[in-house]
Amino acid sequence: MITKQERAIDRLRKFILYLKQNKMITGDSQFEKACGLSNKYVANTATKGRPGTMGTDIISRIHSKYPELNITWLCTGDGDMLESAWVPENEMSGEIEKAEKLANELKRTIARMKRAKF
């Protein structure tokens with residue numbers, strides 16, 4: 001039995017669905033605008049009968065806006081949709097806050113140690 005092979009545009013639609021589910025975008029048009037793509041690019045490229053391929057310029061635009069997208073997965077389907085080293089921005093800001101608090105605490109400790117007479 002022959003099965004239809006998933007195309008890059010089909011994987012891109014999965015990524016867009018992920019963005020919608022995580023409230024990072026509200027719809028395809030917001031994604032297209034953010035990436036500098038034409039209106040209805042995703043819908044038109046995904047239309048049956050079309051190859052569903054994307055050029056490197058399109059992939060580059062998408063990746064520059066969404067670096068968490070694993071380009072190997074997008075192009076070939078191999079690996080995971082998201083880069084394993086990617087940290088969501090909201091988690092990154094929390095980590096930065098923790099590091100800043102720790103740095104301030106260390107500075108205060110060093111200042112106390114310098115003032116202490118041994």
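Mentor: A salt bridge is a side-chain nitrogen of Lys or Arg within 4 Å of a carboxyl oxygen of Asp or Glu. Before you use that, remember that this is a predicted model: local features need pLDDT of at least 70 and side-chain atom pairs count only at pLDDT 80 or more, while totals for chains, interfaces and linings use all residues. Numbering starts from 1 along each chain as its sequence is written, and side-chain values use heavy atoms, with hydrogens and water left out.

Trainee: Okay, why is the contact of E6 with R11 called a salt bridge?

Mentor: The closest N and O atoms of E6 and R11 are 3.7 Å apart. That value is within the limit, so the name applies. By this rule the count comes to 5 salt bridges.

Trainee: Are E6 and R11 buried or exposed?

Mentor: Take the cut-offs: buried is under 20% relative accessible area, exposed is over 50%, and partly exposed is in between, with a 1.4 Å probe and protein chains only. E6 has 31%, so E6 is partly exposed. R11 has 5%, so R11 is buried.

Trainee: What makes K20 and D28 a salt bridge?

Mentor: Their side chains meet at 3.0 Å, N to O, so this pair passes the distance rule as well. K20 has a relative accessible area of 32% and D28 one of 24%, so each counts as partly exposed.

Trainee: How do you know that D57 and R61 are separated by about one helical turn?

Mentor: Both sit in helix α4, 4 residues apart, and that is why we say about one turn. By helix I mean a DSSP run of H or I with at least four residues; a strand is a run of E with at least two, and elements are numbered from the N terminus. D57 and R61 also make a salt bridge, at 3.9 Å from N to O. D57 is partly exposed at 45%, and R61 counts as partly exposed at 34%. Elsewhere, salt bridges that share partners join E6, R11 and K14 into one network.

Trainee: How many helices and strands does the chain have?

Mentor: There are 6 helices and 0 strands. Of the 118 residues of the chain, 28% count as buried.

Trainee: On to the rings. How many aromatic pairs are there, and what makes two rings a pair?

Mentor: The structure holds 3 aromatic pairs. One of them is F15 with Y18, at 6.0 Å centre to centre and 25° between the planes. Rings of Phe, Tyr and Trp (its six-membered ring) pair if their centres lie within 6.5 Å; planes under 30 degrees apart are stacked, over 60 are edge-to-face, and the rest are tilted. The distance and the angle of F15 and Y18 both fit, so this pair is stacked. F15 and Y18 are 3 residues apart in helix α1 (residues 8-21), so about one helical turn separates them. F15 and Y18 are both buried.

Trainee: And why is F15 with Y66 called edge-to-face?

Mentor: F15 and Y66 are 5.6 Å apart, centre to centre, with 80° between the planes, so the angle puts the pair in the edge-to-face class. F15 lies in α1 and Y66 in the loop between α4 (56-65) and α5 (71-76), so the pair ties together parts that are 51 residues apart in sequence. Y66 is buried, like F15. F15, Y18, F31 and Y66 form one aromatic cluster.

Trainee: What makes something a nonpolar core, and which residues of the largest one touch the most other members?

Mentor: A nonpolar core is a set of buried Ala, Val, Leu, Ile, Met, Phe, Trp, Tyr and Cys residues joined through side-chain atoms within 4.5 Å. The largest one has 23 residues, and L12, F15, F31, M54 and I62 touch the most other members. Two or more residues come from each of α1, α2 (28-35), α3 (41-46), α4 and α5. α1 gives the most, with 7 residues.

Trainee: How do you know that the buried residues of α2 are on the same side?

Mentor: The buried residues of α2 are F31, E32 and C35. They cover an arc of only 95° around the axis, which puts them on the same side of α2; the arc is that of the directions from the helix axis to the C-beta atoms. What covers them includes α1, α3 and α4.

Terms used
Contact = heavy atoms within 4.5 Å.
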